[in-house]
Each structure stands twice: as C-alpha cells, then as structure tokens.
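Hello,

Here is the structure I promised to pass on. Please have a look at it first, and then read my notes underneath.

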Amino acid sequence: MSGRELCRDLLCPPRRIRRGAALTLVFAGVLVAGAVTGSFPETGQTGQTGQTTRKAAFRPAGEATTPHEDVQKAAADAMADGTSPMEAAERAVSRSGDRWGAVYSEGAYQEFQDALDGRYTGVGLWARREQDGRIEVTRVQPDSPAAQAGIREGDRLTSVDGSKVDGRPVTDVVSLLRGDADDAAAGTTVTLGLQRGTRAWTQKLRRASLSTDSVTVRKLPGGVTVIKIAAFTKGSGDAVRAAVREVPADGGIILDLRGNSGGLVTEAVETSSAFLDGGLVATYDVDGAQRSLHADPGGDTARPLVALVDGGTMSAAEMLTGALQDRGRAVVIGSRTFGKGSIQMPTRLPDGSVAELTVGHYRTPSGHAVDGQGITPDLEAGPGDDALQRAGTVLTGLGASS
C-alpha cells in the first residue's frame with residue numbers, strides 16, 4: 001500500500017470478524033454480497049432480513065460438504081451445546097482457508113447493510129496512516145459531530161478513548177471511532193486526542209447516524225470534470241449518470257476510483273452504463289455456474305474519459321475499471337489495484353449472526369482474472385495531484401477542451 005493506509009469511519013469493516021485472523025481486510029469496507037444486493041443469482045432462500053440463507057442440499061453418504069454447510073453445522077452444533085454459534089462459525093471459517101470469509105454479529109451486519117444504503121453511525125472522519133505511523137484526518141464530513149467540534153483536515157489523531165493510535169492499522173482506529181466492540185449506537189460518546197501544530201487537546205464527540213454522498217463532483221480548469229466515487233452505495237450509479245449529463249459536450253471526465261473499496265455490484269454495473277453503450281461488463285461464476293453482467297445501452301461514449309486507480313481500488317471498483325479498460329472506453333492511470341475479484345454470499349446462522357463465504361470469482365470482458373492480480377493501469381502515476389495532472393494531460397490528448 002506504498003506505506004499508507006486510507007479509510008473512513010463509514011465503510012471500513014467491523015473488526016469483530018474471525019478472531020485471530022491474520023488478514024485484517026484493509027480497504028475491504030464493503031464486500032461484494034451478491035445475494036443481498038441482487039447483483040448475483042440467489043443460491044438459496046431469502047431470510048427475514050433479506051440476506052440469503054443457503055440451502056443444505058441432500059448429499060450421498062461420504063460426499064464432501066461445502067464450506068457454507070460446514071459453517072452452518074458448526075453453528076448449529078454450538079447452539080445445541082449451549083455455546084456460541086458465532087464463535088464456532090468463526091473457527092469453521094478460519095479452518096476453511098477462505099481469505100475473504102467473515103462472520104458478523106447481527107448488529108454489525110445490519111450496520112454493514114446500512115453503510116451500503118449510504119447510512120452509518122460515526123463521527124464523520126476520514127483518516128489515513130502516514131509512513132511514520134501517525135494517523136491524520138484527511139476529510140471531515142460537513143455538519144457531522146467532528147465538523148461541529150472544529151476538527152479539520154490535517155489534524156493528527158493521537159488517541160481514541162484513551163487508547164493511543166499511532167502505528168495501529170487504520171481499520172482498528174476507525175473501529176474505535178465507531179465503537180464496534182460495543183455495538184455503539186448513535187448518541188454514545190467517544191473522546192479523541194488531537195494535535196494541530198503545537199496545540200494538543202482532547203475532544204468528546206457524540207456519535208450520530210449520518211448519511212453520505214458517495215459520489216462527489218468538482219470542476220477543474222479547462223473543462224475537466226472530476227467524478228469521485230468513494231464506494232458503490234445505493235444510488236451511486238444514478239448520481240454518476242446525472243453528473244455525466246452535466247459535463248459540457250467538449251469536456252473531459254476524470255473518474256476517480258482511488259481508495260474505492262467496492263460495494264454494491266449492481267451500482268458498479270449501473271455506473272458502467274453511464275459510459276458504455278451496452279455490452280459485457282464482467283463474467284463470473286457462482287458455485288461453478290457461469291453468469292455475466294451487461295451495461296444498459298445508451299451511455300455516453302463521446303466524452304474523453306480517464307479512470308484513476310490505486311492500491312485501494314478493489315472489488316466492484318476493479319470490475320468497473322476492468323470493463324472500461326478492456327472495452328477501450330477509458331485510459332486507466334495510477335498504480336496496480338488491490339486484486340479482490342472474489343464473490344461472497346451470506347448465510348444466516350442460528351443466533352442471527354451472518355457468515356459470508358467466497359462462492360466464486362469474476363473476470364473482466366477480456367477474460368482477465370482480477371483476484372490476487374489486480375488491474376495494471378495503462379499509465380503509472382504517483383498519488384495525489386500528480387495523478388490528476390497526468391490525467392488532465394491525457395484528456396487534452398484525447399480531445400477534451402483545454
């Protein structure tokens with residue numbers, strides 16, 4: 001990750017997943033949960049809260065069970081024995097070797113679902129870890145508790161509820177901000193240690209239920225429009241379509257997918273429909289069954305387009321990037337993407353907790369497998385303004401006004 005981690009207190013995963021898991025799922029704030037979102041064909045029946053409960057198919061004696069069935073059995077046995085089904089499921093997921101498998105408490109999974117709908121409980125901070133381990137505030141959501149307290153971009157976060165945060169993974173820090181360990185609700189308080197230059201102080205904030213616009217738009221000199229997608233939450237595709245319609249006919253578009261951890265695949269496909277005139281977006285398999293995703297016809301194919309990516313671009317964002325690159329619609333600039341091309345589907349457990357296990361993988365239109373490999377940009381560029389400047393130069397060469 002080039003020495004820096006970037007996250008926010010909206011779309012980082014709850015930390016209470018597999019105890020002892022070596023992989024902390026940095027950047028994996030929103031995993032692809034196909035049966036929940038309708039992005040992938042359902043593989044079972046819908047439970048009370050909308051996620052899929054996979055059916056345990058009849059199997060002849062001696063035939064191997066699936067990881068989902070193993071996890072369900074472990075949870076059911078634990079329930080019968082009076083022990084924790086969630087802990088038993090976590091152990092079963094760990095044994096399965098599924099690097100993206102996770103178990104969520106009922107409350108944490110609901111928070112996850114809320115985040116996909118553009119709602120979350122937190123204080124409204126984005127943060128990153130610098131190379132020296134310091135945690136720096138990179139953005140403050142307007143009208144959030146953090147904004148009302150006067151916290152600014154560039155402030156250093158030194159502690160959360162007395163726990164020092166220097167050197168900790170940014171996902172841990174965000175988990176503390178949100179109160180994941182206690183399933184903290186809106187209205188609960190959190191005390192931050194902060195530093196700005198030589199000034200150091202503590203600030204008590206009250207968590208709030210917040211909504212966010214995952215799509216932001218800004219204009220650059222020369223007729224360039226930057227459309228930044230932080231994550232594919234509900235309504236992202238429509239927001240991108242609306243932004244594209246406002247771009248002048250001779251203007252260029254920079255689609256900024258840096259740090260985009262994924263989200264709803266349906267919204268990523270809808271976003272692709274803003275730039276493609278129909279056609280293939282990706283192929284994927286679920287338990288060996290081959291499927292495909294297609295853009296709707298009628299998207300804008302005339303305005304020059306550059307996509308910015310980095311090591312934090314993952315999952316559904318990689319799917320979109322691969323489609324735009326393979327279809328010749330965008331020049332991709334930045335650094336190699338994360339490499340998460342797997343598909344997870346959820347299983348409801350007896351105590352209400354939810355296990356998500358990998359059931360398949362997707363490929364770009366040209367057949368490129370993303371998982372573990374990522375997507376290589378057409379042009380390398382460093383972080384920040386360097387990538388934006390290079391994107392502007394490329395857009396000029398592609399015919400955008402200047």
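Below are some notes on one loop residue, one helix and a group of strands.

A word on conventions: this is a predicted model, in which local features need pLDDT of at least 70, side-chain atom pairs count only at pLDDT 80 or more, and totals for chains, interfaces and linings use all residues. Residues are numbered from 1 along each chain as its sequence is written, and side-chain values use heavy atoms, with hydrogens and water left out.

Asn260 sits in the loop between strand 15 (252-256) and helix 8 (265-272); helices (H or I, at least four residues) and strands (E, at least two) are DSSP runs, numbered from the N terminus. Asn260 is buried because its relative accessibility is 0% (buried means under 20% relative accessible area, with a 1.4 Å probe and protein chains only). A polar atom of the Asn260 side chain lies 2.8 Å from the backbone nitrogen of Gly262.

Helix 2 covers residues 67-81, and its end C-alpha atoms are 21 Å apart, in agreement with the 21 Å expected for 15 residues (1.5 Å times one less than the number of residues). Its buried residues include His68, Val71 and Ala75. Gly82, with a positive phi near 80 degrees, follows helix 2.

Strand 16 (residues 279-286) runs antiparallel to strand 17 (residues 289-295), joined by seven bridges; strands pair if DSSP finds at least two bridges between them. Strand 16 also pairs with strand 21 (residues 354-363), again antiparallel, over two bridges. Tyr284 has Arg291 as its bridge partner in strand 17 and Tyr362 in strand 21.

Best wishes

Conventions:
Buried means under 20% relative accessible area, exposed over 50%, partly exposed in between (1.4 Å probe, protein chains only). A polar contact is a pair of N or O atoms within 3.5 Å; within protein, one must be able to donate a hydrogen and the other to accept it, and residues adjacent in sequence count only if both atoms are side-chain atoms.
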